[in-house]
Every structure is written in C-alpha cells, then in structure tokens.
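Hi,

Here is the structure I said I'd pass along. Have a look at it first, and then read on for my notes.

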Amino acid sequence: MTDPAPPSAVRIEGPWTHRDVAANGARFHIAELGDGPLVLLLHGFPQFWWTWRHQLTALADAGYRAVAMDLRGVGGSDRTPRGYDPANLALDVTGVIRSLGEPDAALVGHDLGGYLAWTAAAMRPKLVRRLAVVSMPHPRRWRAAMLRDARQTAAGSYVWGFQRPWIPERQLAADGGALTGRLIRDWSGPRPPEDAAVETYQRAMCIPSTAHCAIEPYRWLVRSLARPDGVQFYRRMKRPVRVPTLHLHGSLDPVARTRSAAGSGEYVEAPYRWRLFDGLGHFPHEEDPAAFSTELVNWLEDPEPDR
C-alpha cells in the first residue's frame, strides 16, 4: 500500500467530514454528511468521490446519511498492487458498509461505480437495500454490447486502448492530467462540469500511481473474457438483482450507448425504473445536479417504487 494522496488534492473542504475506514484488507477514504439511512455513492472513471459533492448535500438535506467513497487505488484510498477485479472491488464496497456500522445501504454508482453496484447487489444482496445505477449497463449487457455491437465497441475504444502496458497511465497523467480533462469534456453533453471541477479531477489523476490503479479494472474486464475467472464472474452475474433498482442515463452519453444500457432490467427481479435525461451526457449528476438529485431523492423516498 503506497502513495497516500496529498490531503489538499482529494480531501476537499465542504460541509462533509473526511475520514478513513478499513475494509477488505485495505484503507478507504470517505466523505460523509447527514444522519439517517445510509446511501453509499460510488464514483466512476476518471473521477473520485468529489463527483458526488452536489448529491452529498441534497441527500443529507433529505434525511439520509450520505457517504461518498474513493474506490481502491483512487483519491485518498489505498493503492494496492492487486485486487482490481470487479468481485474484489465489490467486496470493498460491501466491506465499507459493514465498517460504517450499518446493516445495509442504498448503493448509487456511476460508470465503473455503477458496474460495481450491480455486482455488489448480486453478490451480497442482504447488504444492499436499494440500487441506483448511472451511465452503466448491467455487466452482462455491457459485455455483450462491447463484443457484438460495433457502435458500442467504438464508443468503448478507450477500454481497448487501456490494454497496452504503461502507455495509457502515462498519457492520463501527462501535461497536468490534460487527457483526463479532455475525456470529461468529450464525454459530457452541452453542459459539462465547470473548468474548476475538471482541473480538480486532473490534479487527482496526477497523484502517483492513481492513473495505473484507475486503469487496472478495465484491463481485467478485457483480459478475463476468455479466462476461467472471467467466465466464472459473468456466470455469477446471471444471478438476478432482487432490490428496487433505479437506472439513470443521459440521452447523449457517448461512452455507454442508450441501446446498450436499456434492457438491463431483465436482470432485475424487483421494481425497476428507467429514467433517461434528455440532453445530458455521461455525467448527468454533474451536468444537471438539481434534476438528478431530485430524481434520486424522490425514488429513495417512494415506499413502493413502480416497475
């Protein structure tokens, strides 16, 4: 476990509290705000916990204990030499729920965080009260689309590019993280995150070892396709999700095509709600935080979410 993140880079001041928790053999940085039922927020690539800054305050104001964690290898969490397969990363998430002293959580995951939220809900259903996934198909839908849909294969070209050794991480951190900023802007709709926010993500990506650790999950996803561990993982993901699920997606998402994400409800044996945000890209929670937070809070407060 090396390269602890400089506090100024990722422990950004706000109404939330920063602390570290131990789970699944590693240390994870979290930012938390509010009291009430736990809502655990999982960021995606190429970001860290701060992507949920708007939702932390909205959820706390609505009466929830909102916690945004840094995934393994990113932000203020440990950068371990291994452990970046989705099954282990999902155990990180459920381990944090236990370490927070909660019986369960509503999981909210974006991009890679959404992939892990799907995984955690299937692997540890007793620890997941509700599931909200943003900009990410179910893992089996994602795999099928990446292999069989030429347009999704092209949209996910960055994943294939990550399979090269060493070069991708050097590119992500070069020139002050310029590529990181370019990806965020290119993947957004007409209302991208403000320049100051993009620069914050660039600085976080430049923390030593972060770029390498952020890429490792994507290397596993491709390299494991024909390996026994990958075959076993996708077989396990046939297990249906049995908690109410909210699936949120931007209509202009250039990374995970709407066609790829739609239909993920076939893996949910519980109330499933699909919500498409018109005119938003890959980061709806940042591109229109008010509309996104309203949708999320209303669904969390609905005692009987409809299918």
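Below is what turned up, going from the overall fold down to a few backbone details.

Bear in mind that this is a predicted model. The chain has 14 helices and 8 strands. Its radius of gyration is 17 Å, close to the 19 Å that the globule rule gives for 307 residues, so the chain is as compact as a globular protein of that length. If you want a feel for the dimensions, the C-alpha atoms fill a box of roughly 50 × 45 × 40 Å along the principal axes.

The contacts are mostly between parts far apart in sequence: of those between residues at least 6 apart, 75% join residues at least 24 apart. Buried residues account for 60% of the 307 in the chain.

On to the surface. About 11,900 Å² is exposed, and carbon and sulfur atoms supply 52% of that area. As for charge, I get 37 positive and 34 negative side chains, with the centres of the two sets 9 Å apart.

Now the inside. The largest nonpolar core has 101 residues, and Leu40 and Leu107 are the ones with the most contacts within it. Which helix gives the most to this core? That is α4 (residues 112-123), with 9 residues. Leu40 is a good place to start looking: leaving aside neighbours within four places in sequence, Leu40 touches Val67, Met69, Val93, Val96 and Ile97, and also Ala105, Ala106, Leu107 and Val108. So the two residues singled out above are in contact with each other.

Finally, the backbone. Most residues other than glycine have a negative phi, and most peptide bonds are trans. Three spots here go the other way:

- Phe45 and Pro46 are joined by a cis peptide bond, with omega at about 0°. Pro46 sits in the loop between β3 (38-42) and α2 (53-61).
- Asn24 is not a glycine, yet its phi is positive, at about 50°. You'll find Asn24 in the loop between β1 (17-23) and β2 (26-33). Its relative accessible area is 33%, so Asn24 is partly exposed.
- Ser209, also not a glycine, has a positive phi of about 75°. Ser209 is in the loop between α9 (195-205) and α10 (210-223), and at 32% relative accessibility it counts as partly exposed.

Cheers

Technical notes: Residues are numbered from 1 along each chain as its sequence is written. This is a predicted model: local features need pLDDT of at least 70, side-chain atom pairs count only at pLDDT 80 or more; totals for chains, interfaces and linings use all residues. Side-chain values use heavy atoms; hydrogens and water are left out. Helices (H or I, at least four residues) and strands (E, at least two) are DSSP runs, numbered from the N terminus. The radius of gyration is taken over C-alpha atoms; the globule rule is 2.2 Å times the number of residues to the power 0.38. Buried means under 20% relative accessible area, exposed over 50%, partly exposed in between (1.4 Å probe, protein chains only). Contact means heavy atoms within 4.5 Å. Accessible areas come from the Shrake-Rupley method with a 1.4 Å probe; for residues, only the protein chains shown count as cover. Lys and Arg count as positive and Asp and Glu as negative; His and the chain ends are not counted. The place of a charge is taken as NZ of Lys, CZ of Arg, CG of Asp or CD of Glu. A nonpolar core is a set of buried Ala, Val, Leu, Ile, Met, Phe, Trp, Tyr and Cys residues joined through side-chain atoms within 4.5 Å.
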